[in-house]
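Here's a quick briefing to read with the model open beside you. Grab a coffee and keep the viewer handy.

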Amino acid sequence: MTSPQPAPGASGAAEPAAGVPSAAPVLRAPSVVLAGGGTGGHIEPMLALADALTRRATGAGSVPRVTCLGTSRGLETRLVPARGYDLRLIPPVPLPRKPTVDLLRVPGRVWRSVAETRALLAELGADVVVGFGGYVALPAYLAARRSGVPVVVHEANAVPGLANRIGARLAARVAVTVPGTDLRGAEQVGLPLRTAISRLDRRALRAEARAHFGLDADRPTLLVFGGSQGAASLNRAAVAAADALTAAGVQVLHARGPKNTDVTVPSRPAGAAPYVLVDYLERMDLAYAAADLALCRSGAVTVAELSAVGLPAAFVPLPIGNGEQRLNALPVVEAGGGLLVADADLSPSWIEEHVLPMVTDPATLARYAKHAAAAGARDADERLADIVLTVAGR
């Protein structure tokens with residue numbers, strides 16, 4: 001007796017009996033390659049996007065496969081593995097800011113890095129490359145273009161760097177943090193943030209946060225920080241204003257930077273408002289929850305985090321570079337969510353004249369906090385993940 005022959009079809013398999021649904025096709029998990037090494041400003045939004053992608057299920061319940069690109073000289077060698085993601089290293093392509101003899105070596109470096117990155121994209125079966133700028137992103141963009149892999153660009157700063165200016169010309173989609181960023185086809189989505197920040201409820205966590213830092217539960221609280229390494233001008237001005245602040249009942253949480261151990265505050269008299277000086281803030285979520293107002297730099301991540309959690313700030317842009325820190329803060333300040341002061345103008349008297357009246361007035365703080373939150377974006381990670389998966393699905 002001969003066996004029945006399968007009905008003709010693309011697979012050669014027998015068609016299901018009437019009334020029996022066909023099995024859904026098994027879809028391969030998309031392979032997403034993220035290029036954002038170098039500094040925390042590139043790495044933090046990259047990892048926030050990675051987290052958002054791995055919370056997604058696509059196809060038959062499959063989760064996107066995420067691989068991060070970096071170099072041996074960046075913070076990514078520590079931060080990416082600590083978050084549980086695969087890190088692949090490529091040769092860096094640093095770009096001189098000014099014409100020098102080193103500029104002549106760039107084409108050769110780019111060629112070698114692009115060749116190695118193309119091999120990685122093929123090995124990973126990349127469906128999309130997402131770049132966040134910097135010297136890791138440029139070879140990734142060029143390798144993706146030569147390999148036929150679509151590109152998504154994300155720019156954190158108001159003033160884009162060279163890598164993203166090039167990448168935007170090659171990209172299927174371009175996402176930016178700050179309105180008015182000068183990149184072709186830019187869509188404002190905000191900056192992807194860790195859920196510990198984007199989902200932070202400052203009011204609910206306030207008592208725990210203040211107790212964690214040894215602060216009083218009910219005093220108005222100023223948070224001072226200058227980035228992971230601290231900032232000398234902020235340190236000098238805040239410490240010199242310590243007596244005026246604490247005499248007015250304002251307590252201070254001040255991160256001076258791990259190398260600035262010479263920054264000290266005289267012991268406070270009994271009953272005075274606390275002035276807590278630390279080298280580094282491991283728990284920025286608790287620092288934000290403890291504070292009513294921040295005095296800080298205006299890097300892209302700092303501005304995005306403060307506005308997302310609705311914490312108003314007096315921003316002191318870094319006085320070097322191409323002026324992007326001022327432009328990062330400007331939308332929040334113009335929305336009524338903070339103050340802006342040039343580094344050269346920051347002084348103890350400026351703090352007494354501008355910060356002190358603000359931090360001691362609950363109605364003013366509430367108004368600024370409301371406007372800061374309105375200028376922020378808590379869902380940028382999810383919005384960027386939507387864009388990435390849409391492009392990968394093409």
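What follows is a short tour, from the overall build down to single side-chain pairs.

Keep in mind that this is a predicted model. The protein chain has 394 residues, and 50% of them count as buried. It is built with 15 helices and 13 strands.

**Overall build**

- Take the contacts between residues at least 6 apart in sequence: 64% of them join residues at least 24 apart.
- The protein chain exposes about 18,200 Å², and carbon and sulfur atoms supply 54% of that area.
- If you're after disulfides, the search of the whole structure comes back with zero.
- Two cysteines to look at anyway are cysteine 68, which is buried because its relative accessibility is 0%, and cysteine 296, which counts as buried because its relative accessibility is 0%.

**Strand β9 and its partners**

- Strand β9 covers residues 251-255, and five of the five are buried, so the strand is largely enclosed by the rest of the structure.
- Which residues sit on each side of β9? Gln251, Leu253 and Ala255 are on one side, with Val252 and His254 on the other, and all of these are buried, so to speak, on both covered faces.
- That split fits a general pattern: in a regular strand, side chains alternate between the two faces of the sheet.
- One partner of β9 is strand β8 (residues 221-225), and the two pair in the parallel sense over five bridges.
- To find that pairing in the viewer, go to valine 224, whose bridge partner in β9 is histidine 254.
- Another partner is strand β10 (residues 275-278), which runs parallel to β9 and is joined to it by four bridges.
- Here you can start from valine 252, whose bridge partner in β10 is tyrosine 275.

**Nonpolar cores**

- The largest nonpolar core holds 36 residues, and Leu223 and Tyr288 have the most contacts inside it.
- Elements giving two or more residues to this core include α7 (202-212), β8, β9, α10 (284-290) and β11 (293-296), as well as α11, β12 and α12.
- Which element supplies the largest share of this core? That would be α11, with seven residues.
- Tyrosine 288 touches quite a list once you leave aside its neighbours within four places in sequence: Ile197, Leu200, Arg202, Leu223, Phe225, Glu305, Leu306, Val309 and Leu311.
- Apart from the largest core lies another one, of 30 residues, including Leu245, Val250, Val341 and Trp350.
- As a general rule, nonpolar side chains tend to be buried together in soluble globular proteins.

**Helix α12**

- Helix α12 spans residues 324-334, and its buried residues include Gln325, Asn328, Ala329, Leu330 and Val332.
- Among the elements covering the buried residues of α12 are α11 (300-309), β12 (313-315), β13 (338-340) and α14 (362-375).
- After α12 comes glycine 336, with a positive phi near 90 degrees.

**Salt bridges**

- The search of the whole structure turns up 16 salt bridges.
- One of them joins the side chains of arginine 88 and glutamate 123, at 3.1 Å from N to O.
- Arginine 88 sits in strand β3 (residues 86-89) and glutamate 123 in helix α3 (residues 106-124), so this pair ties together parts that are 35 residues apart in sequence.
- Are the two ends of that pair buried or exposed? Arginine 88 is partly exposed at 21% relative accessibility, while glutamate 123 counts as exposed at 54%.
- Glutamate 187 and arginine 173 also form a salt bridge, with their closest N and O atoms 2.5 Å apart.
- That pair links distant parts of the chain, 14 residues apart: glutamate 187 is in strand β7 (residues 186-188) and arginine 173 in strand β6 (residues 173-176).
- Glutamate 187 is partly exposed, with a relative accessible area of 26%, and arginine 173 is partly exposed too, at 21%.
- Aspartate 216 and arginine 219 meet through their side chains in another salt bridge, at 2.6 Å from N to O.
- Aspartate 216 is partly exposed at 32% relative accessible area, and arginine 219 counts as partly exposed at 24%.
- Finally, look for a network of salt bridges linking Arg55, Arg56, Asp381, Glu382 and Asp386.

Conventions: Residues are numbered from 1 along each chain as its sequence is written. This is a predicted model: local features need pLDDT of at least 70, side-chain atom pairs count only at pLDDT 80 or more; totals for chains, interfaces and linings use all residues. Side-chain values use heavy atoms; hydrogens and water are left out. A disulfide is a pair of cysteine sulfur atoms within 2.5 Å. Buried means under 20% relative accessible area, exposed over 50%, partly exposed in between (1.4 Å probe, protein chains only). Two strands pair if DSSP finds at least two bridges between them. Contact means heavy atoms within 4.5 Å. Accessible areas come from the Shrake-Rupley method with a 1.4 Å probe; for residues, only the protein chains shown count as cover. A nonpolar core is a set of buried Ala, Val, Leu, Ile, Met, Phe, Trp, Tyr and Cys residues joined through side-chain atoms within 4.5 Å. A salt bridge is a side-chain nitrogen of Lys or Arg within 4 Å of a carboxyl oxygen of Asp or Glu.
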